[in-house]
Amino acid sequence: MLVDKAEGVNRVPSLYCRKQAPDLPTWIMYDKNILRFQAFFQQSLHEMRSGSHILRKVEIFFFLEDGTIKVMEPKTENSGLSQGTLISRQRIRLPFSYDNYYDVLDLNIGREVTFFGKVFKRAHDTGKPPKHRPFRQFLDFDRQVLRFHGYWDDRDSEFGIMHHLEIHYFLADDTIEIKEVLPPNSGMEAGPMFLKRIRLPRKIPSHVEMTGGPKCPSYSPGDLSIGAVVNVYGRKVVLTDCDPFTKEYYRVTYGFDSFNPLPIPKDEGTECVSTSVAERQLPPWNGYGSYDDSAENCRTVEPKPPHRDFIKFLNKDRVGFDSHVLRFAARLISDNPEDKLRYFIIKYFLCDDTIGIFELGERNSGFKGGKFFRRDKMYLPDVDFFVPKEPPAYTEKDMWVGNELIINKHCFRLIGADEYALRYMEVNEKEYPMANLALIMDKIRRTLATQENGYKNFVAKYMDAAVPDNRELMSVRCFKQALKEVMCERMTEHEFITLIRHFRGDPGKEKSPRREMIRSLVFSDLTRGLWDEREKLREALLHADENGLGVLAVPRMRQLLRANRLPINTDLMDCMLQVLNKDADCNIVYEDLLTFLDFQTRPVYNLTEGDYQKVVRHAPPLKDTECKLWAEAETIIQDGFVNWSAFLCQLNLEHLVKEQTQ
């Protein structure tokens, strides 16, 4: 950003117009900002009489803070060449010039640059590709390895066994290495390398020329396939299977479609028999401590803390705005009329499968509220606790709206869930059947198909219940009544919520207050970071949109926002990208992003307390008192509408009407 300097300041940089200079020095603005380029140059070997040439791969570093350049050669094993820094960090003049130096614009991809007489070229220059095929092959296929499984049958020789092998073919230099897979408890020496990495000749030469000569033909990817026999210096290695990367490589390169693995002959004489140790029977639980704590004290003489599932803890622990805590609103089922009015919050922690119950105390109700049951594993009712093995407990599969949980002789009914819990279960629908739309629709479809004239009567009875102005919509109340008459008690309350959320068809839907809340947070961070480069961001978005579609993919949009130095953290940026308008392919409309960041013509306004409470339902849980708003969800749902036409279209049972009519 350029700023006007004071009148008395005469010393100005020559790169800017008079009395203007950057707001911050370049060594502060571009500190530790380095551009990295990969290139190569051709070097002659003077020690050879033939005057041969080799290609050397280098890396060029351009330091933005002072315009200096450094050239280094990456380390390679057994290259026989000097490695390290080729050109130390310094400013380099342009060829045939004494005043101009190399700038960042001179280091474009595919352009040749000359440093002290050496010509450095881009490795993938489309104009003149390098003629040195091994180096080009190394650049294209580096770290790409074909992996095969095979065996070598050596049982015909004395004390011979069946060797299980793993063959690695390196596409970068056409070399092969073979490792031997030793079975457990085999008693063999730990020497798994069967063949070191070399070029494996197809045929063993009669004599080896020590002074050079023509190279022996070696194995190529075309010689390897499932069922092929590889001659490893007289040992016949049979290939039986390969990994998915190898299958995809042969499918794309050679057009192979079938990859049926071959059976491996069994060697009964050398098979290792694993003896299963009987499981240790622990004494029954005595009631002191938890089950895990008592089990650890019984297994060892020295008391140790119980081991938790650390992998599950890493995957299900809180990450940013993703809390991995499912919150449900519950009522207490009791004959006491005072207990029926009590309101509870049940939290299920996915990281360790524990449940915590909290009560929301009403004013002048006689109940204080707060923690009702501390966070712990909640076991199923009517189980025997004093047994060696831990009894079954409630899992995440039991947490759905409408279910009843009996915890410590208290019966709770789940009557609602927050937005995070519903959304989490819908995203992970394979783990939660109550939120799996495909299973719910299939259940309704099978029920209507088995009844006589079921689908025809279902459509005819409730066709008049649609909205008169818009025949595609139906009120949620009528939709729920129609499904209850068909499904009876075979659908749960959570399944109804999943259907209503998916086929939501409310006309004139207001903008979500969550968008305005996130916009106010972004405005605070941008104001604190003194960011005002909206026009520069517009140019970057237009330049990235090559086809002029007006949309960009989410990863590309996130990359552009980082490149334009938006001073917001990653979590807030992800929330901002979620509330922006998208097309059918989930690409972001960048004009909506520019409108979102236009704080001059569209200033942010302070949200009311009611708006903030409504927003929290769509955000991660923060306070237990906000869960009272879930009770309003039933009222909102009853007043809403469902897209009736989309529901019938997804049922796809029109053929039954034609068959029944004929």
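## Strands, rings and charges

In strand 20, Arg-413 is the bridge partner of Arg-331. That one pairing is a good place to start a tour.

A word on the source: this is a predicted model, in which local features need pLDDT of at least 70 and side-chain atom pairs count only at pLDDT 80 or more, while totals for chains, interfaces and linings use all residues. Residues are numbered from 1 along each chain as its sequence is written, and side-chain values use heavy atoms, with hydrogens and water left out.

**The six-stranded sheet**

Strand 15 (residues 325–332) and strand 20 (residues 410–417) run antiparallel and are joined by 5 bridges. Strands here are DSSP runs of E with at least two residues, helices are runs of H or I with at least four residues, and both are numbered from the N terminus. Two strands count as paired if DSSP finds at least two bridges between them. Strands of a sheet pair through backbone hydrogen bonds, and they can do so in a parallel or an antiparallel way.

Now step back to the sheet around them. In what order do the strands of the open sheet of 6 strands stand? The order is 18-17-16-15-20-19, with antiparallel pairing. Strand 18 and strand 19 (404–407) are the edge strands, and each pairs on one side only. From one strand to the next, the twist averages 30°. Angles run from 0 to 180 degrees between N-to-C directions, and axes are lines fitted to C-alpha atoms, for helices over the stretch in contact.

A helix joins this picture. Helix 7 (residues 419–427) lies across strand 15 and strand 20, and runs at about 120° to strand 15. Contact means heavy atoms within 4.5 Å.

**Rings that meet**

Rings of Phe, Tyr and Trp (its six-membered ring) pair if their centres lie within 6.5 Å; planes under 30 degrees apart are stacked, over 60 edge-to-face, and the rest tilted. The count by this rule is 22 aromatic pairs. One of them is Phe-344 with Phe-372, an edge-to-face pair at 5.0 Å centre to centre and 70° between the planes. Why does this pair tie together parts that are 28 residues apart in sequence? Phe-344 belongs to strand 16 (residues 343–349) and Phe-372 to strand 18 (residues 370–376), so the contact ties those parts together.

Is Phe-344 buried or exposed? Phe-344 is buried, with a relative accessible area of 0%, whereas Phe-372 is partly exposed, at 22%. Buried means under 20% relative accessible area, exposed over 50%, and partly exposed in between (1.4 Å probe, protein chains only).

Some rings also have a charge over them, which requires NZ of Lys or CZ of Arg within 6 Å of the ring centre and within 35 degrees of the ring normal. Arg-375 lies over the face of Phe-349, 3.7 Å from the ring centre. Lys-480 does so over Phe-496, at 5.8 Å.

**Phe-148 and its neighbours**

Phe-148, Tyr-249, Tyr-250, Tyr-254 and Phe-256 form one aromatic cluster. Phe-148 also has strand partners: it stands opposite Ile-167 in strand 10 and opposite Cys-242 in strand 14. Strand 9 (residues 145–153) runs antiparallel to strand 10 (residues 162–170), with 9 bridges joining the two. Strand 9 also runs antiparallel to strand 14 (residues 235–242), with 5 bridges.

**Opposite charges**

Side chains of opposite charge can pair when their charged atoms come close. A salt bridge is a side-chain nitrogen of Lys or Arg within 4 Å of a carboxyl oxygen of Asp or Glu. How many salt bridges does a search of the whole structure find? It finds 27 salt bridges. The table shows some of them.

| Salt bridge | Distance (N to O) | Place of each residue |
|---|---|---|
| Lys-312 and Asp-353 | 2.5 Å | Lys-312 in helix 5 (residues 310–316), Asp-353 in the loop between strand 16 and strand 17 (354–360), 41 residues apart |
| Arg-501 and Glu-419 | 3.1 Å | Arg-501 in helix 11 (residues 493–502), Glu-419 in helix 7, 82 residues apart |
| Arg-558 and Asp-574 | 3.3 Å | Arg-558 in helix 14 (residues 554–563), Asp-574 in helix 15 (residues 570–579), 16 residues apart |

Lys-312 is partly exposed at 24% relative accessibility, and Asp-353 is partly exposed at 23%. Arg-501 is partly exposed too, with a relative accessible area of 29%, and Glu-419 is partly exposed at 23%. Elsewhere, Glu-65, Asp-66 and Arg-89 are linked in a network of salt bridges.
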